[in-house]
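Visitor: Please give me a close look at one part of this model, the one at the very start of the chain. After that, I'd like to see how it fits in with the rest.

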Amino acid sequence: MSAKAIQEATGKRLLGERLGEVAAPCRFVAISQDTDWAQLPTLHPWLLTEKLVVKPDQLIKRRGKLGLIAVGVNFKDAQEWVALRMNKDQKVGKALGKLRKFIIEPFVPHEFTEEAYVCIYSHRKGDTILFTTEGGVDVGDVDAKALKLEVPIETNPTDEEITSTLLRDVDSTRKQRTCAFISALYKTYVDLYFTYLEINPLVVTATTVYILDLAAKLDSTAEFMAKTAWGEIEYPPPFGRDATPEEAYIADLDSKSGASLKLTVLNEKGRIWTMVAGGGASVIYSDTICELGGASELANYGEYSGAPSEQQTYEYAKTLLSLMTKEVHPMGKVLIIGGGIANFTNVAATFKGIVKALREFQTKLQEGNIRIYVRRAGPNYQEGLRVMRDVGRTLGIPVHVFGNETHMTAIVAMALEKRAVPEIPETETHTANFLLPGGQAAA
């Protein structure tokens with residue numbers, strides 16, 4: 001399961017297409033830099049006849065408390081409110097980013113007592129449904145106050161379970177309507193492969209149910225099954241971290257390959273960079289860097305795995321090195337080329353791709369005072385390490401190379417200067433008990 005957050009507009013579109021009569025239609029307009037405001041009233045006449053709510057739609061939490069919601073405005077005021085904020089910097093916690101996406105909806109007049117909170121999230125044993133009759137910006141600690149219904153895998157909650165477990169505090173005039181909504185919501189949650197769905201507030205009036213604020217995540221690995229139901233899905237980056245051209249390039253490379261090539265830039269000015277083989281290994285290396293005090297300097301997160309070719313690894317390494325060498329750090333930078341023991345990836349082939357990129361960036365690596373630490377094992381790993389040692393002698397920068405005699409994450413402590421770099425004598429032995437295509441036995 002790969003849980004990826006979606007925009008509020010996307011979530012409301014998906015729910016609106018499925019919930020039918022158990023809730024009021026989800027009416028909204030998604031606003032971007034390219035929106036033609038003159039055409040909007042023609043497409044959505046209610047923009048001129050109803051009071052409106054306008055807010056950013058960029059995975060920002062607690063928008064009300066941040067003053068990022070305009071309530072009860074008319075269409076002209078909404079346009080002016082967006083214009084004042086479009087492409088402007090906004091600080092949310094420690095993140096600083098630009099506001100580029102907004103959503104406009106009809107304003108729903110309601111009483112405070114009609115607000116509620118509902119959330120569904122998935123975990124190893126099934127799903128959990130949370131519900132409380134308190135909702136809105138001051139909902140507080142929902143884990144402490146919400147009623148919970150556990151739904152085991154491949155089961156559905158009955159109306160009786162929903163009513164008796166979650167709706168104990170709902171008055172009789174709204175209990176049946178709320179139960180029907182939660183039942184339909186859970187079915188939609190399962191059918192569309194949501195992994196997280198939070199509505200706050202959920203407004204339950206005497207006549208209908210309104211979805212006001214929504215946050216959701218989808219299981220992106222289910223796209224091949226849910227593509228028809230989903231339609232076009234955009235997974236926005238976290239607020240304050242717009243996707244870089246380099247990330248977009250690797251994502252495109254990944255989409256055209258049977259291998260896995262991932263890259264996320266965390267801190268472009270950071271001095272600790274990683275080029276890790278394997279998704280599990282990438283987590284371990286990042287955790288180790290943070291545990292040893294390097295969190296603030298960790299520049300990227302990513303992995304290459306699934307037997308990428310020499311050319312694909314070269315493209316990946318070249319992209320990473322272009323980011324790493326953009327600026328010179330006064331303390332120099334370190335590149336950790338790590339991994340566990342490969343199952344079927346030809347280590348020699350991938351390392352030849354990395355070496356090709358290193359040679360291409362030799363001058364910039366020297367200018368940036370960059371040190372490289374390598375640890376790898378698996379099919380043809382000794383040939384790969386030999387190639388890496390050879391290039392280390394010509395790059396003019398420190399390159400420390402280790403195989404399976406060294407613990408997988410030991411090079412992190414060396415790179416962060418938490419332990420000395422040991423002197424490992426070079427040995428000329430056979431590459432492995434077997435060779436993959438393109439492998440070379442040592443003399």
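Guide: Here is a walk from the whole chain into that part, then out to other places and back again.

Some ground rules come with it: this is a predicted model, in which local features need pLDDT of at least 70 and side-chain atom pairs count only at pLDDT 80 or more, while totals for chains, interfaces and linings use all residues. Residues are numbered from 1 along each chain as its sequence is written, and side-chain values use heavy atoms, with hydrogens and water left out.

First, the overall picture. The protein has 15 helices and 19 strands (DSSP runs numbered from the N terminus, H or I over at least four residues for helices, E over at least two for strands). Its C-alpha trace covers about 85 × 50 × 40 Å along the principal axes. Of its 443 residues, 50% are counted as buried (under 20% relative accessible area; exposed is over 50%, and partly exposed is in between, with a 1.4 Å probe and protein chains only).

Now for the part you asked about, helix α1, which runs over residues 8-16. Seven of its nine residues are buried, so the rest of the structure largely encloses the helix. The buried set is made up of Glu8, Ala9, Thr10, Gly11, Lys12, Leu14 and Leu15. Charged Glu8 and Lys12 are worth pausing on, since they form a salt bridge in which the closest N and O atoms are 2.9 Å apart (a side-chain nitrogen of Lys or Arg within 4 Å of a carboxyl oxygen of Asp or Glu). Why do Glu8 and Lys12 sit about one helical turn apart? Because they are four residues apart in helix α1. Glu8 counts as buried at 3% relative accessibility, and Lys12, at 1%, is buried as well.

Where does α1 belong in the annotation? UniProt, in an unreviewed entry, lists residues 2-230 as "domain: ATP-citrate synthase ATP-grasp"; annotations like this may be inferred rather than shown by experiment, and their positions are in the numbering used here, with shortened feature names. Over that stretch, 2-230, the chain is 30% helix and 31% strand, and its end C-alpha atoms lie 16 Å apart. Further along in the 2-230 stretch, Pro201 lies in strand β11 (residues 194-204). Asn200 is joined to Pro201 by a cis peptide bond, with omega at about 5°. Most peptide bonds are trans.

The same unreviewed entry type turns up again for residues 241-417, which UniProt lists as "domain: ATP-citrate synthase citrate-binding". Here the chain is 45% helix and 20% strand, and the end C-alpha atoms are 29 Å apart. Two residues in this stretch have a backbone angle to check. Phi is near 50° for Asn369, a positive value in a residue that isn't glycine. Asn369 sits in the loop between α13 (362-367) and β18 (370-375), and it is partly exposed at 46% relative accessibility. For Glu417, also not a glycine, phi is positive too, near 60°. Glu417 belongs to the segment after α15 (410-415) and is exposed, with a relative accessible area of 62%. Most residues other than glycine have a negative phi.

Back to salt bridges, of which the structure holds 26. Lys269 and Glu327 make one of them, at 2.9 Å from N to O. Lys269 is in the loop between β14 (260-265) and β15 (272-277), and Glu327 is in the loop between α11 (310-324) and β17 (333-339), so this pair ties together parts 58 residues apart in sequence. Lys269 is exposed at 54%, while Glu327 is partly exposed at 41%.

Then there's Asp390 with Arg386, whose closest N and O atoms are 2.7 Å apart. Both belong to helix α14 (residues 381-395) and are four residues apart, about one turn of the helix. Asp390 is partly exposed at 28% relative accessibility, and so is Arg386 at 30%.

That brings us home to α1. Through salt bridges that share partners, Glu8 and Lys12 join Lys55, Arg63, Glu105 and Asp213 in one network. So when you zoom in, keep both pictures in view: a helix with seven of nine residues buried, and a pair of its residues linked into a network of salt bridges.
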